[in-house]
Amino acid sequence: MAQEPTDEFGDWSPEEFRRSGRAAVDWVADYFARIPELPVVPSVAPGDVAALLPDSPPEEGEPFENLLRDLDKVVVPGLTHWNHPGFLAYFGVTASGPGILGELVASAFNTNGMLWKTSPATTEVELRMMSWLLQMFHLPRSWFGLIVDTASVSTFLALAAAREAVADFDLHEEGLGAPGAPRLRVYASEQAHSSVDKAVMALGLGRKGIRHIATDTEFRMQPAELEAAIEEDRRNGWHPMAVVGSVGTTSTTSVDPIPELVRVCSRHGLWLHVDAAYAGSAALLPEKRAYFAGCEDADSYVFNPHKWLFVPIDLSVLYTKHPDVLRRAFQLVPDYLRSDDDGTNLMDYGIQLGRRFRAIKLWWVIRTFGVSGISQRIREHCRLAEEFRNWAQGHPDFEVVAPLTFSTVCLRGVWNQSPEASSAWDEELARRVTAEGRAFVATTKLRGRTAIRVAVGNIQTDSIRMSEVRSAFERIRTEIAAEIAEGTDPTEGASGK
Ligand SMILES: Cc1ncc(COP(=O)(O)O)c(C=O)c1O
């Protein structure tokens, strides 16, 4: 029987919302109870999930119960469970309880905070949260910040502001194609996230508009190489525009020498953007704060509460000490969006006009766990990673291939084979550990060789799970080594999973 709205054309009544809402919350609570026993990564092939969905939309409405039933039938079997305690791939993004309920309420309000007056609370809670985060992370209280969907977009906005700040040419008015427009260049280490390259491309600087700087043995940008590149580019007619430094690169979580980048940028008049997308949350911990030295002198700074602050995706935060420049890059007010109050209009600071009330989930996570509760969770993740690193370091069958800075360990099996063969066995090791279902680990390449990344950051991950993961690594490495010794190729038949 079809679901009846309250009247012929309206939405659910409050009673129906309550009834269906309770069923949905119960479903979510049951799902959370089940997650630890589900395989982290599903056993589906491309197209399997789509095949379970009808080709066409239903002509008549359906009871809500059907929708919940299909979550179990259609969706869950095809999910990669990012909330799983064994999710150790990429960087985790865990949805915590208060964050999920914050999403619910934000959707209920469904405000559009494009202008202050289009929903004053939406803007003011967001700005107050930006101020709370500055205090929590010991960043300058004078910075201006706003919520953006992802770090990729935050970095794009930051570099648009940097482009706007180019002193001797009005790029905002003239565009990059104008006669006399400078050939702009951005500098980032060879370990910087690809979102920096994408931002440079999207800003019209071309792939040649980014120059990658070599890193040292610990994967940190080399400031002398940076300075030499800037000077060489100037001699060759380039206009150096910005440097992107990373606190917590994606592959190894290495930390660029930010104080030295600050000095290079100020000597050469360049904008410094800091990408702390993952590691930014660790600035809460006094014992990790040294990694953030110099960040207070950056021109802009991004970090993602949706990565390691237990706020459901998406919620990235962009700060700048030059809000006027950011606004100049994006402010364009048509007649239908004029306002005469003195509230902050967040639409002036980026591409997007419409804005969700994302700040609620952040507010609720911070209030529910408190700064100390969040700190303890992050500290525990760092401890679990340290324990894992110590185990790998002390084990004859494994080697740790990058310094541990936060909560991500990069390791390899010891295979006594050529670099190419060793890379293949490490890929196979990560694949088999993941195929068992209790953990999901990903790989990267470091100096051309595969490394396995174990990134702790999920609010559900605990020492029991981590000890299971260690046993799995040990057992599977021994299994592969035995196959190599027998002369069989361990990767044969790997394609099934
Ligand atoms: C260092 C770093 N910067 C930027 C990003 C991009 O983040 P987002 O997915 O929020 O765009 C990532 C993603 O993992 C990252 O590790």
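# Exercises on a predicted model

Strand E1 (residues 144-148) runs antiparallel to E7, and five bridges join the two. The structure is a predicted model, in which local features need pLDDT of at least 70 and side-chain atom pairs count only at pLDDT 80 or more, while totals for chains, interfaces and linings use all residues. Residues are numbered from 1 along each chain as its sequence is written.

## Exercise 1: the strands around E7

Task: determine which strands pair with E7, and find the bridge partners of Gly 145, Leu 146 and Val 302 in E7.

Solution. Begin with the terms: strands (E, at least two residues) and helices (H or I, at least four residues) are DSSP runs, numbered from the N terminus, and two strands pair if DSSP finds at least two bridges between them. Strand E1 meets this condition with five bridges to E7, and strand E6 (residues 300-303) pairs with E7 over four bridges, again in the antiparallel sense.

Next, take the partners one by one. Gly 145 has Tyr 319 as its bridge partner in E7, Leu 146 has Leu 318, and the bridge partner of Val 302 in E7 is likewise Leu 318.

## Exercise 2: the faces of E1 and E7

Task: decide whether the residues on the two faces of E1 and of E7 are buried or exposed.

Solution. The criterion is a count of other C-beta atoms, placed from the backbone, within 10 Å of a residue's own: 20 or more make it buried, 12 or fewer exposed, and a count in between partly exposed. For strand E7 (residues 316-320), five of its five residues are buried; Ser 316, Leu 318 and Thr 320 point one way, Val 317 and Tyr 319 point the other way, and all are buried.

For E1, five of its five residues are also buried. Phe 144, Leu 146 and Val 148 form one side, Gly 145 and Ile 147 the other, and both faces are covered.

## Exercise 3: the largest nonpolar core

Task: identify which residues of the largest nonpolar core touch the most other members, and explain where this core lies with respect to the domains.

Solution. A nonpolar core is a set of buried Ala, Val, Leu, Ile, Met, Phe, Trp, Tyr and Cys residues joined through C-beta atoms within 7 Å. The largest such core has 125 residues, of which Leu 88 and Val 243 touch the most other members. Helix H13 (residues 359-393) gives the most to this core, with 14 residues. Because domain 2 (111-357) and domain 3 (370-496) both give residues to this core, it lies between them; the bounds come from an automatic or database domain assignment.

Then look at Leu 88 itself, using the rule that two residues are in contact if their C-beta atoms, placed from the backbone, lie within 7 Å. Leaving aside neighbours within four places in sequence, Leu 88 is in contact with Ala 439, Phe 440, Val 441, Val 454, Ala 455, Val 456 and Val 469.

## Exercise 4: the loop between H3 and H4

Task: compare Phe 87 with Tyr 90, and state for each whether the residue is buried or partly exposed.

Solution. Phe 87 lies in the loop between H3 and H4, and the place of Tyr 90 is in the loop between helix H3 (64-75) and helix H4 (97-109). Phe 87 is buried because 27 other C-beta atoms lie within 10 Å, whereas Tyr 90, with 18 other C-beta atoms within 10 Å, is partly exposed.

The contacts of Phe 87, again without neighbours within four places in sequence, are Val 40, His 81, Trp 82, Gly 92, Phe 440 and Asn 458. For Tyr 90 the backbone deserves a note, since phi is positive, at about 45 degrees, although Tyr 90 is not a glycine.

## Exercise 5: further backbone features

Task: locate Thr 253 and the cis peptide bond between Ile 313 and Asp 314.

Solution. Thr 253, a residue other than glycine, has a positive phi near 60 degrees and is found in the loop between strand E4 (238-246) and helix H10 (258-268). With 28 other C-beta atoms within 10 Å, Thr 253 is buried.

The cis peptide bond joins Ile 313 and Asp 314, with omega about 10 degrees. Asp 314 is placed in the loop between helix H11 (305-308) and E7.
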